[in-house]
Amino acid sequence: AHNSFSGNAKTTQATKSMTQTAASVWTFDFCDVLIFPTIAFAKVHVSAESGFPTAIARPSQNCTLVVETSVPVTGTITVEVDSSEPSSRFL
């Protein structure tokens with residue numbers, strides 16, 4: 001189910017985090033780690049220094065996912081993606 005490999009192996013599930021200051025656009029490129037160049041499902045986790053920003057994942061372009069926030073955020077956004085089951089939600 002949840003396979004993991006060391007080295008440069010690719011997988012169907014991946015997680016990436018990004019820390020920025022006063023940003024409202026966060027671009028995550030999963031092309032280097034995903035077997036399939038399509039993101040079927042994404043989960044977004046926001047850790048903000050202050051406030052309660054709203055975050056949304058835009059439909060992916062190949063294996064790149066853009067997350068936008070309602071206000072500029074200083075903090076970390078973590079995205080979990082799965083490319084193993086393509087769906088109409090993120091194509």
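Contact, as I use the word in these entries, means heavy atoms within 4.5 Å.

**Setting up.** I am working on a predicted model, so I take local features at pLDDT of at least 70 and side-chain atom pairs at pLDDT 80 or more, while totals for chains, interfaces and linings use all residues. My residue numbers start from 1 along each chain as its sequence is written, and my side-chain values use heavy atoms, with hydrogens and water left out.

**Entry: Val-25.** I began with Val-25, which sits in strand S1; strands here are DSSP runs of E with at least two residues, helices are runs of H or I with at least four, and both are numbered from the N terminus. Leaving aside neighbours within four places in sequence, I find Val-25 in contact with Gln-20, Val-66, Val-67 and Glu-68. I also looked up the C-alpha atoms of Val-25 and Thr-69: they are separated by 6.6 Å, with the two positions 44 residues apart along the chain. Is Val-25 buried or exposed? Neither, I note: at 44% relative accessibility Val-25 counts as partly exposed, a class that lies between buried (under 20% relative accessible area) and exposed (over 50%), with a 1.4 Å probe and protein chains only.

**Entry: the core.** Next I turned to the largest nonpolar core (buried Ala, Val, Leu, Ile, Met, Phe, Trp, Tyr and Cys residues joined through side-chain atoms within 4.5 Å). I see 16 residues in this core, and Phe-30, Val-79 and Val-81 have the most contacts inside it. Strand S1 (13-29) and strand S4 (64-82) are the elements that give two or more residues, and S4 supplies the largest share, 6 residues. I followed up Val-79: beyond four places in sequence, its contacts include Ala-14, Phe-28, Phe-30, Val-44, Leu-65 and Val-67. Lys-16 is also among the contacts of Val-79, which led me to the next entry.

**Entry: salt bridges.** How many salt bridges does the structure hold? I have 2, taking a salt bridge as a side-chain nitrogen of Lys or Arg within 4 Å of a carboxyl oxygen of Asp or Glu.

- Lys-16 meets Asp-32 at 3.0 Å, N to O. Lys-16 lies in strand S1 and Asp-32 in the loop between S1 and strand S2 (41-48), so the pair ties together parts 16 residues apart in sequence. I noted Lys-16 as partly exposed, at 22% relative accessibility.
- Arg-58 meets Glu-68 at 3.4 Å, N to O. I place Arg-58 in the loop between strand S3 (55-57) and S4, and Glu-68 in strand S4, 10 residues apart. Arg-58 is partly exposed at 36%, and Glu-68 is partly exposed at 29%.
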